[in-house]
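Here's a walk through one protein model, starting in a loop and ending in the middle of the fold. Have the structure open as you read.

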Amino acid sequence: MGKRMKRLLFAFALVALVSCQSHPNGTTWPLLIANAPKAADPVPLTEPTYDYINALLKEANQKAEEAVGAENYVFFPLSYYLTSALTYLLFDEESVPEEEWSILGTKGNQATLNVVAELYNAVTVKTSPESNETTVIPSSILVDENGTEIPPRLAERMANELGCSYLGKTEDQKQFLSQWAKEVTNGHVSEAPECDGPATMIGSFFFNLPYAIGLKKSADRPFNGEGAYPFMDASAETDYYCATESWEAFSYPLQNKDCRLRFIKPKQPATSALFSDFDFGECFSHKDAYRGGVAFCMPKIECSNTLDLKAVAKQQGLFQKGTYAISKGTFESGSLKQDASIMFTETAVTGYAFTKSQVIPQSMPEKEFVLDSAFMYQVTGPHDLVLAAGKIVSLD
């Protein structure tokens with residue numbers, strides 16, 4: 001039996017197993033909705049909308065870079081945007097201030113759903129996991145740790161229209177989440193992403209982008225003038241090379257012409273402040289750029305990190321209100337983190353990210369009871385059998 005058939009049978013077994021369980025509110029529905037169809041005909045985005053979202057992504061990248069400082073980092077801005085937008089879809093739209101919808105570039109739940117569906121369709125390229133062809137897979141799953149926080153109709157709608165899987169409370173929750181992570185990263189990740197709270201929206205993003213011309217191992221070289229590290233090189237026809245007194249910009253060709261791999265190298269010692277001065281859009285817009293043969297050489301790299309993006313979102317004006325309504329109550333927007341990894345090998349650039357957005361149910365007390373003076377107490381068992389009793393009249 002082939003590997004692909006085994007995976008399909010295993011996924012079917014998981015869905016069949018969970019589908020026979022009941023939601024804690026008494027209705028029977030799948031706790032895990034896998035591979036649900038996306039919206040068939042999302043409203044096409046206009047160029048101004050794409051331009052606006054691109055500007056938002058560039059700003060988010062700049063904020064993330066400033067927060068990291070003089071360290072290596074990898075950040076998936078589109079995954080950050082999609083996961084934030086999916087989190088807003090959980091909220092009753094009347095509880096979200098108009099300015100927060102406008103920052104997303106949308107107006108309410110339906111418009112946001114259309115934008116997310118269109119972005120998914122715009123970037124998704126699926127091939128078999130065994131192939132070394134271009135693969136881009138954005139995906140999402142809503143993990144409801146308590147199994148009671150998210151209304152079933154909302155989860156079903158997000159599954160049917162966006163392919164957002166739902167994973168409710170079950171003893172096998174970690175197993176299902178591990179299988180989901182493996183499927184959406186073509187086997188690169190087999191461990192379940194850590195969830196941060198009662199309900200967590202996890203947006204995954206995976207890409208494998210083969211080069212048009214493969215690199216080969218070259219002699220070890222120093223980096224920043226020190227050490228000896230593995231490098232790779234090739235001679236390639238580039239569509240963009242530009243050099244100024246302070247920087248060089250270069251685009252390495254990929255098999256998929258819709259995607260680009262771009263580099264900027266400062267000509268003076270690189271610092272965090274220096275990098276923040278460069279804008280990819282500006283550096284790659286010179287009309288007199290060279291297009292032709294370039295001898296290219298780069299280190300073989302694997303970079304992974306976890307980014308706390310709550311401050312980035314706040315600086316951009318997202319989740320400012322803090323608490324929002326879901327039909328089951330009032331929820332606080334909690335942590336927003338991204339686990340990301342990228343690898344540059346001889347054949348391709350491969351990367352994946354899990355962006356995790358937490359929502360926490362808020363209790364709204366109407367009374368207050370403070371034991372700040374003498375009191376009596378009981379501990380009772382079944383049928384009100386008194387197990388212990390006493391009183392406190394002093395804290396001395």
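Thr-347 sits in the loop that links strand 12 (329-344) to strand 13 (348-362). Helices and strands here are DSSP runs, H or I of at least four residues for helices and E of at least two for strands, numbered from the N terminus. Before going further: this is a predicted model, with local features needing pLDDT of at least 70, side-chain atom pairs counted only at pLDDT 80 or more, and totals for chains, interfaces and linings using all residues. Residues are numbered from 1 along each chain as its sequence is written, and side-chain values use heavy atoms, with hydrogens and water left out.

Back to Thr-347: its relative accessible area is 44%, so it is partly exposed (buried means under 20%, exposed over 50%, partly exposed in between, with a 1.4 Å probe and protein chains only). Setting aside residues up to four places away in sequence, Thr-347 touches Asn-132, Pro-210 and Tyr-211, where contact means heavy atoms within 4.5 Å. Its C-alpha atom is 8.6 Å from that of Leu-209, and 138 residues of chain separate the two.

Two other threonines make good company for it. Thr-350 is part of strand 13, and at 6% relative accessibility it counts as buried. The C-alpha atoms of Thr-350 and Phe-207 are 5.6 Å apart, although the two residues are 143 apart along the chain. Beyond four places in sequence, Thr-350 has contacts with His-188, Phe-206, Phe-207, Asn-208, Ser-341, Ile-342 and Met-343. Thr-134, in the loop between helix 5 and strand 1 (135-144), is buried too, at 8% relative accessible area. The contacts of Thr-134, again leaving out neighbours within four places, are Val-125, Thr-127, Asn-208, Leu-209, Pro-210 and Asn-256.

Now for the whole protein, which has ten helices and 15 strands. Of its 396 residues, 45% are buried. Take the contacts between residues at least 6 apart in sequence, and 67% of them join residues at least 24 apart.

So what's in the middle? The largest nonpolar core has 73 residues, and those with the most contacts inside it are Tyr-80, Tyr-81, Tyr-88, Leu-90, Phe-91 and Tyr-252. A core here is a set of buried Ala, Val, Leu, Ile, Met, Phe, Trp, Tyr and Cys residues joined through side-chain atoms within 4.5 Å. Helix 3 (residues 77-90) is the top contributor to this core, giving nine residues. A second, separate core has 17 residues, including Ile-137, Ile-141, Ala-181 and Met-343. In soluble globular proteins, nonpolar side chains tend to be buried together.

Tyr-80 has plenty of partners outside its own stretch of sequence: among them are Ala-60, Phe-75, Leu-309, Val-312, Leu-336 and Thr-355.

Helix 3 packs against two other helices, and the axis geometry goes in the table (axes are lines fitted to C-alpha atoms over the stretch in contact, and angles run from 0 to 180 degrees between N-to-C directions).

| Helix pair | Axes come within | Crossing angle |
|---|---|---|
| Helix 2 (residues 47-68) and helix 3 | 9 Å | roughly 110° |
| Helix 3 and helix 6 (residues 152-162) | 10 Å | roughly 140° |

Helix 3 and helix 6 are therefore oblique to each other (angles under 35 degrees count as roughly parallel, over 145 as roughly antiparallel, 65 to 115 as roughly perpendicular and the rest as oblique). Their contact is made by Leu-86, Leu-89 and Leu-90 of helix 3 with Leu-154, Met-158 and Leu-162 of helix 6. On the other pairing, Ile-53, Leu-56, Leu-57, Ala-60 and Asn-61 of helix 2 meet Pro-77, Leu-78, Tyr-80 and Tyr-81 of helix 3.

Which residues of helix 6 are buried? They are Pro-152, Leu-154, Ala-155, Met-158, Ala-159 and Leu-162. Their cover includes helix 3, helix 5 (109-123), strand 2 (165-167) and strand 3 (199-210). Right after helix 6, Gly-163 adopts a positive phi of about 70°.

Two asparagines also have positive phi. For Asn-186 the value is near 50°; this residue lies in the loop between helix 7 (173-184) and strand 3, and counts as buried at 19% relative accessibility. For Asn-224 phi is near 55°; this one is in the loop between strand 4 (216-223) and strand 5 (226-237), and is exposed at 70%.
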